[in-house]
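The exercises below concern aromatic rings and their surroundings, and each task is followed by a solution that goes step by step. Please look at the sequence and the structure before starting.

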Amino acid sequence: MIASEDLLSLNFYKKEQFTGSYRGMRYCIKKVKEEETDLFRVTFWPGPYCFDAADESTKTSAVFAFTEEGKQQAADYLNEQWQQKKDLFSQCAYY
């Protein structure tokens with residue numbers, strides 16, 4: 001499972017995006033600004049390809065508040081998506 005602590009600190013996202021993977025699911029988390037509000041945009045897709053090489057049609061995104069609570073919600077969201085689609089992700093898992 002992906003824990004909130006695995007997703008680094010809020011300060012990291014002020015300058016960089018974070019990419020990771022969990023059992024065949026790839027994900028990218030970055031800070032975005034929408035209407036003067038800072039948010040996390042969380043995108044996931046089936047591996048093995050990196051964000052830039054993955055087909056856009058395989059990517060799914062959601063946004064969360066750019067707060068510690070939002071970071072926890074992002075981790076929960078990724079875990080829920082993995083549970084719901086684990087058959088898809090297991091086809092490309094290298095664990």
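**Exercise 1.** Decide whether Phe-18 counts as buried or exposed in this predicted model, and do likewise for Tyr-27.

*Solution.* Begin with the cut-off, by which a residue is buried if its relative accessible area is under 20%. Phe-18 has a relative accessibility of 16%, and therefore it counts as buried. Tyr-27 has a relative accessibility of 5%, so Tyr-27 counts as buried too.

**Exercise 2.** Classify the aromatic pair that Phe-18 forms with Tyr-27, and then the pair of Trp-45 with Phe-51.

*Solution.* A search through the whole structure gives ten aromatic pairs. In one of them, the rings of Phe-18 and Tyr-27 are 6.3 Å apart from centre to centre, with 50 degrees between their planes; planes under 30 degrees apart would be stacked and those over 60 edge-to-face, so this pair is tilted. For Trp-45 and Phe-51 the centres are 5.4 Å apart and the angle between the planes is 70 degrees, and because this angle is over 60, the pair is edge-to-face. As for their surroundings, Trp-45 is buried at 2% relative accessibility, whereas Phe-51 is partly exposed at 22%.

**Exercise 3.** Find which residues ring pairs link into a cluster with Phe-18, and where the charged end of Lys-31 sits.

*Solution.* Follow the ring pairs first: they join Phe-18 in a cluster with Phe-12, Tyr-13, Tyr-27, Phe-40 and Phe-66. Turn next to Phe-66, since the charged end of Lys-31 sits over its ring at 5.7 Å from the centre. Finally, return to Phe-51, over whose face Lys-59 lies, 3.6 Å from the ring centre.

Notes
Residues are numbered from 1 along each chain as its sequence is written. This is a predicted model: local features need pLDDT of at least 70, side-chain atom pairs count only at pLDDT 80 or more; totals for chains, interfaces and linings use all residues. Side-chain values use heavy atoms; hydrogens and water are left out. Rings of Phe, Tyr and Trp (its six-membered ring) pair if their centres lie within 6.5 Å; planes under 30 degrees apart count as stacked, over 60 as edge-to-face and the rest as tilted. Buried means under 20% relative accessible area, exposed over 50%, partly exposed in between (1.4 Å probe, protein chains only). A charge sits over a ring if NZ of Lys or CZ of Arg is within 6 Å of the ring centre and within 35 degrees of the ring normal.
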